[in-house]
Amino acid sequence: MTCSGDPGNLAVALYGFRQVERKYEAAGIHWEVKTIRDRLALGQCTLPVYRNPDAPVVAVAAPTGKGKKKVVVKQQLEPRVELFDADDHKYEKYLMKLDPNDTKNQDHYKVLGLKKLRWEATAEEIRIAYRQKVLKHHPDKKKHAGIPLPAGEDFFTCITKANEQLGMSEAKRRAYDSVDPKYSDDLPNEKEVNAKNFYELLGPVFAENGRFSIPQPVPLLGDESSSREDVEDFYSFWFNWNTWREYSYDDEQDKEKGEDRWERREMEKANKVERERRRKEEIKRISNLVHMAHNKDPRICKFKKEEAEAKEKAKEERARLRREKQEAEELEKRKAEEAVAAKKREEEAKENAAKLEEKRQKDAAKQANKAQKKRLEGLCEAGNYWTTDSKEKLAAMERFDRLTFLLNTDEIGELCDQIDKIKLDAPAVNRLLQDVEDEKNRARTAAETASKANKENTTTKEAEIVLWTDEEILLLTKAANLYPAGTIDRWIVIADYVNEHRKGQTTPKKTEKQVIKQTKLVQTGQAKPTAASQNKLGAPLPDEENWSAKEHSALEAALKKHPASDPERWEKVATEVPGRTKKDCIKRFKYVAQLIKNQKK
């Protein structure tokens with residue numbers, strides 16, 4: 001078999017497959033992103049690919065307008081190598097004293113030379129410190145440098161464990177920082193805190209505990225010059241405290257030492273119970289601290305005093321406005337009353353003047369009437385009543401009295417004028433007087449006839465009004481309940497029921513229109529029976545069954561014996577009243593109660 005000059009065919013002939021040539025390119029953005037993501041996932045520093053994401057930051061407030069929230073700008077710091085512990089003979093002596101089998105109880109920050117920084121140390125600073133220790137104290141480094149290793153020297157295990165706890169995982173580092181032996185949970189005594197030392201005692205305590213907060217940065221306590229907004233933000237933050245502190249580092253039982261899954265699960269349950277207990281104690285401790293600070297804070301006292309003064313001022317202002325409004329209303333009311341009184345006085349004055357004028361006119365009319373009567377009487381006497389017979393003279397005098405009663409002043413004056421014209425003609429005068437009297441009598445008779453006719457018409461209209469007795473009203477109520485709305489020819493049926501069941505049959509029968517009209521009057525309350533027999537429209541009718549005195553006494557005794565709180569009261573009552581059912585007893589009880597209620601009304 002021959003191969004042409006193609007190297008691919010040769011590779012297939014020799015190896016059985018075609019080799020793929022790998023192409024390498026310079027590190028670019030893809031490699032950098034992948035490396036950063038891997039290191040972030042492992043909790044490691046991203047240098048030198050990405051510049052120090054976990055470095056400590058300084059919060060700087062950017063200038064903002066009034067009333068707006070503060071803008072926090074984070075500035076990264078460089079590694080503080082000058083704060084690392086000196087790696088000298090004293091440090092090596094300390095390492096030699098450590099027990100590599102008991103790394104849980106060692107101070108990991110001191111082992112890495114970070115006891116000055118401790119929880120403030122960044123991931124980069126931990127990495128740098130660990131790298132320095134590795135370069136100097138790794139057994140291979142000492143062996144390569146020709147430095148003899150003492151027998152049993154294994155303190156580098158402590159350095160490795162410290163790096164695993166602090167530098168490899170953020171969760172492990174927080175577990176250790178939560179129980180840092182150099183951190184104290186003690187709080188100042190509330191009796192020692194006062195307005196003078198408030199900021200000096202509690203300021204550092206809040207700053208120290210702020211390290212455990214999930215939201216960052218943590219607001220500080222401030223001083224007496226802090227604004228109200230800052231103080232309210234501070235207490236709002238601490239009253240809603242959210243911490244990452246947990247106590248898994250101090251677990252009493254190591255679940256990894258469990259022999260089986262069940263034992264490991266039980267160990268984990270016991271550890272969780274203890275962690276929850278300590279977490280609640282921590283929350284209570286912070287709560288006590290915040291409440292103590294809030295109660296002792298002189299700024300809060302000042303703000304409360306200002307609020308009380310503002311409320312008092314607002315209260316006084318409202319009282320002043322209310323008082324002014326009341327005074328204005330009273331003034332307006334007085335003015336209105338004065339206007340009404342003035343108007344009333346004016347009306348009374350007018351009324352009095354009118355009464356005086358009316359009285360004067362009446363007096364004048366009386367005087368004029370009296371004068372005319374006297375004039376007529378003088379004429380009659382002067383003419384000797386125009387007769388010589390004593391009987392006729394007596395009749396003439398009676399006629400004179402009747403005329404003075406029937407005629408008014410003007411008519412009497414006209415009559416006197418006519419008599420003056422006639423002079424002493426007796427027959428003419430008598431005829432004149434008779435004509436006048438007859439005319440007045442006719443007018444009077446016509447007026448009486450018209451008045452009598454009007455009275456008869458009124459009597460006829462009154463006779464047309466239909467009278468309803470109490471019995472008929474009760475029957476109407478019962479029929480309205482028996483035949484509700486929707487019944488065919490309802491009002492005709494109700495009218496027939498009332499006419500059929502009433503006792504007195506002497507009065508005319510009630511018609512459909514009369515029933516409708518009376519029903520409306522009963523519903524509006526304009527027509528109702530007497531208090532002893534009235535019943536509300538739509539209510540149950542009185543009990544019409546007859547109860548003997550013996551049965552009634554038995555019912556009363558049973559009701560007294562069995563209280564209303566007994567759920568089986570009516571069954572027991574019915575058994576003690578012979579010949580009556582439970583329904584009968586209840587019906588009788590309601591009937592008696594309704595009678596008593598009607599009597600009270």
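Is E381 buried, partly exposed or exposed? Select E381 in your viewer and have a look: its relative accessible area is 49%, so E381 is partly exposed. The cut-off for calling a residue exposed is over 50%. Before you go on, keep in mind that you're looking at a predicted model.

**Stop 1: the negative patch**

Stay with E381, which sits in helix α12. Now add E377, E398 and D401 to your selection; together with E381, they form a negative patch on the surface. Colour helices α12 and α13 (390–406) as well, and you'll see where the patch comes from: each of these two helices supplies at least two of its residues.

**Stop 2: the positive patch**

Next, clear the selection and pick K90, K115, K116 and K182. Here you have a surface patch of the opposite sign, with these lysines gathering into positive charge. Zoom in on K115. You'll find K115 in the loop that runs between α4 (108–111) and α5 (123–137). Its relative accessibility is 43%, so K115 counts as partly exposed.

**Stop 3: a buried aspartate**

Time to go inside. Select D297, in the loop between α11 (261–296) and α12 (298–382). With a relative accessibility of 0%, D297 counts as buried. What does the side chain of D297 make a polar contact with? Show Y235 too: the side chains of D297 and Y235 are joined by a polar contact of 2.6 Å.

**Stop 4: salt bridges**

How many salt bridges does the count come to? The tally is 35. We'll visit a few of them.

Start with E125 and R80. These two form a salt bridge in which the closest N and O atoms are 2.9 Å apart. Follow the backbone from one partner to the other and you'll see that the bridge links distant parts of the chain: E125 is in helix α5, while R80 is in the loop between β2 (71–76) and α3 (89–97), with their positions 45 residues apart. Switch on a surface and look for both partners. E125 is buried, at a relative accessible area of 0%. R80 also counts as buried, with 17% relative accessibility, because the cut-off for buried is under 20%.

Now move to R173 and D177. This salt bridge has its closest N and O atoms 3.6 Å apart. Both residues belong to helix α8 (residues 170–178), and because they are four residues apart there, about one helical turn separates them. Check how covered they are: R173 is buried, with a relative accessible area of 8%, and D177 is buried too, at 5%.

For the next pair, select D185 and R285. Their side chains meet in a salt bridge, at 3.9 Å from N to O. This is another link between distant parts of the chain: D185 lies in the loop between α8 and α9 (198–209), R285 lies in helix α11, and the two are 100 residues apart. Which partner is buried and which is partly exposed? D185 is partly exposed, with a relative accessible area of 33%, whereas R285 is buried, at 11%.

**Last stop: a network**

Finish by selecting D107, R118, D180, E208 and R211 together. Instead of a lone pair, you have one network here, joined by salt bridges that share partners. Show the side chains as sticks and trace the links from one residue to the next.

Notes
Residues numbered from 1 in each chain as written. Predicted model: local features only at pLDDT ≥ 70, side-chain atom pairs only at ≥ 80, totals over all residues. Heavy atoms only, no water. Patch = residues over 30% accessible without salt bridge, like charges linked within 9 Å, V, L, I, M, F, W, Y side chains within 5 Å. Areas by Shrake-Rupley, 256 points an atom, 1.4 Å probe, with all protein chains shown as cover. Salt bridge = Lys/Arg side-chain N within 4 Å of Asp/Glu carboxyl O. Lys, Arg positive; Asp, Glu negative; His and termini not counted. Charge placed at Lys NZ, Arg CZ, Asp CG, Glu CD. Buried < 20%, exposed > 50% of the residue type's maximum accessible area, 1.4 Å probe, protein only. Polar contact = N/O pair within 3.5 Å; in protein donor to acceptor, adjacent residues only side chain to side chain.
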